[in-house]
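Please work through the exercises below with the sequence and the model in view. Try each task before reading its solution.

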Amino acid sequence: MKNFLLVCCLYAIFATSYAQNTKENMSNLKAPIAPIKPNQLEKHGDVRIDNYFWLNDRENPEVIDYLNKENDYYNAVTADTKPFQTALFEEMKGRIKEDDESVPYLYNGYYYITRFEKGQDYPIYSRKKGSLEAAEEIMFNCNEMAKGHKYFQLGGVSISNDNQFAIFCTDVIGRRIYSLQIKNLVTGEILSDKVEQTTGNAVWANDNKTIFYTKQDEKTLRSDKVFKHKMGASTEKDELVYFEKDDTFNVSVSKSKSRKYITIASGSTLTDEYQTILADEPDSKFKIFQKRVRGLEYSISHYGDSFYVVTNKDKATNFKLMKVNENNTSQENWVDLIPHRSDVLIEGIDIFKDYLVVSERSNGLNKIRIMPWSGKGEYYLPFEIETYTCYTTTNVDFDTDVLRYGYQSLATPSSVIDFNMKTKTKEIKKEQQVLGGKFDKSNYTEERVWATATDGTKVPISMVYRKGIKRDGKNPLLLYAYGSYGISMDPYFSTTRLSLMDRGFIYAIAHIRGGEDLGRQWYEDGKLLKKKNTFTDFIDCSKFVIAEKFTSAEHLYAEGGSAGGLLMGAIVNMAPQLYNGVIAQVPFVDVMTTMLDDSIPLTTGEYDEWGNPNVKKYYDYMRSYSPYDNVKAQDYPNMYVSTGLHDSQVQYWEPAKWVAKLRVTKTNDKQLFLDTNMDAGHGGASGRFEALKEVAKEFTFLLDLEKIKK
């Protein structure tokens, strides 16, 4: 205890001295100003002058120099918070069980486990034959594999039917471009077969020697090709089995849960198409399941002699479940199994020998529906609160009565639960541990409230905070949202979030339109020519938490990443006065330039989400909200903007250009930071604990604005 107190005292002395010295030098610090190099862009008779277009060349030393100067500026201005960042990092790390492991699952005679060792950043993938008491076989130790790399990600692991070989894919840059290799799990040998520049998506046929994998376009990174490789053969002779010509579609390959079929999926935002072959016949020709029809979305699951199809066929906005014989799969043969319901969204299914499990969503809440194939005694799993998330997890076995699902809430650590669908009994296989001895869920309040949007729509907000907080307008509140691609932002538990809440913050998720939180129409009303609903919903949620005195504009903060970063860019243009600070992570803010450049990864596949700006009505609408194009002379809130140099999803130059323009346009001297990870991509730093350092940066940004120093 004496040593602990000594460390605390030294930390306090050092932090105070460090802060004083830094503050004295602050007056000499000037934010970097990017050179203006006007570039004229014209479309539909509209001329845009882009002064920072030159920043899109990562090979240009001047660009790297500018990014480094921004990093230096951020580090210098926030130097007094560095000790606090370190303390926060240790605090957050201290809540995590370092020697943790996943709940084992049984597949094809082996129990598979992912575990972490104390002091290590990366997972270890292992298995045990037949019994959890059997000797552990380590398949991949990512800590060893990551040595010598600033970034490392393992993906695409697939085990052959004879359990002898494993496909594995590695990305050491962060652009989601993987090298594919094969490991002999019996001898430990890495085979000479190696394919560069894959997507990290690969599966085995049932002959234990044929592999199907996907590759992307070298420039756009769109996944557009499926290849077939024979183990031991030259990869240069791999057969191209499918090429997706439509540049608005992406392809993937998978094997059915029944292990009977290999499936190629081609998908865009609004349209799907599948092709199948028997996994026992890898050299056969792929057969179209149902040819693509603009606007027809569907997904398939195989069982017995039939496929089960979740689809929006027949204007089923919230989707329905249909069934078709495996030998005649075109849509005219599909038969309704669960009809469409206007108030219930079908999100997916899990098939078992005696049960069909349907994942549904109604009134913004997850539901798990258990339906015996006998047709008798169906029921829903019961959940009592409104700020939870439930989801089916690893269910690879057909012949079982046990459903494995996950559950968590804003104040409840995540659990993995085995539920016996026959006896209706459950066993909690694992509950997330929160170390440090201070966490007690009863110390927190979680609730769902409803804001009224500008057009009268009710928008739910999930929030959590420490008990005893007064609604006096003085509480700092962090409001998070995403609002795109139909992705629902369900309430979830976070150990890192405790570092904010225990210092007085309220944390809230705004379930705005553009997500699918309240059904498919919720998504439709927040995309294309209705995209601004996403932004105004968030602003109206902000006004609501202020009006209800959860917080005030002096203490309200907003956060979003990627497409949620677009949201941040839009709201600071539209209503900057509502926020004291904003965190924009890898933000998609240069909408016009990106969507007009079909050489940029993902652009063409995004037309169904944002619209095609080559069509004037979509161009004009995007132009009216694109954050970069709508920066204007006004007071902006304090802002922390992060990006990764190797980001393949949102290119680094979008936030770089945005910050450069904000610097010379905004009319106040509030903080504006651009923090570029020069070694990472869209997902940020790799490694279990390295990512916490990025969180610590964000949290100190917020806490410093609230004058909370410890």
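The exercises that follow concern a predicted model, and they go from the overall fold to ring pairs and then to one helix.

**Exercise 1. Judge how compact the protein is from its radius of gyration, and describe its overall make-up.**

Solution. Begin with the secondary structure, which comes to 13 helices and 37 strands. The radius of gyration is 26 Å, and the globule rule gives 27 Å for 710 residues; these values are close, so the protein is as compact as a globular protein of that length. Along the principal axes, the C-alpha atoms fill a box of roughly 75 × 70 × 55 Å. Turning to burial, 56% of the 710 residues count as buried. Finally, consider contacts between residues at least 6 apart in sequence: 56% of these join residues at least 24 apart.

**Exercise 2. Classify the aromatic pair formed by Y122 and F152, and say where in the chain its two members lie.**

Solution. The model has a count of 36 aromatic pairs. In the pair of Y122 and F152, the ring centres are 5.9 Å apart and the planes stand at 85°, which makes the pair edge-to-face, as angles over 60 degrees are counted. Next, locate the residues: Y122 belongs to the loop between β4 (110-115) and β5 (124-129), while F152 belongs to the loop between α4 (142-145) and β7 (153-159), so that the pair links parts of the chain 30 residues apart. Both Y122 and F152 are buried.

**Exercise 3. Classify the pair of Y261 and F307, and decide whether each residue is buried or exposed.**

Solution. The ring centres of Y261 and F307 are 5.0 Å apart and the planes meet at 50°, so this pair is tilted. Y261 lies in strand β15 (residues 261-267) and F307 in strand β19 (residues 306-311), 46 residues apart. For burial, the cut-off is under 20% relative accessible area; Y261 has 8% and is therefore buried, and F307, at 2%, is buried as well. Both residues also belong to a cluster in which ring pairs link Y261, Y274, F289, Y298, F307 and W334.

**Exercise 4. Compare the span of helix α12 with its expected value, and describe how it is covered.**

Solution. Helix α12 (residues 653-665) has 13 residues, which at 1.5 Å a residue should span 18 Å; the end C-alpha atoms are 18 Å apart, so the two values agree. As for cover, 11 of the 13 residues of α12 are buried, among them W653, W658 and L662. The buried residues of α12 also include charged names in the list, such as E654, K657, K661 and R663.

Terms used:
Residues are numbered from 1 along each chain as its sequence is written. This is a predicted model: local features need pLDDT of at least 70, side-chain atom pairs count only at pLDDT 80 or more; totals for chains, interfaces and linings use all residues. Side-chain values use heavy atoms; hydrogens and water are left out. Rings of Phe, Tyr and Trp (its six-membered ring) pair if their centres lie within 6.5 Å; planes under 30 degrees apart count as stacked, over 60 as edge-to-face and the rest as tilted. Helices (H or I, at least four residues) and strands (E, at least two) are DSSP runs, numbered from the N terminus. Buried means under 20% relative accessible area, exposed over 50%, partly exposed in between (1.4 Å probe, protein chains only). The expected span of a helix is 1.5 Å times one less than its number of residues. The radius of gyration is taken over C-alpha atoms; the globule rule is 2.2 Å times the number of residues to the power 0.38. Contact means heavy atoms within 4.5 Å.
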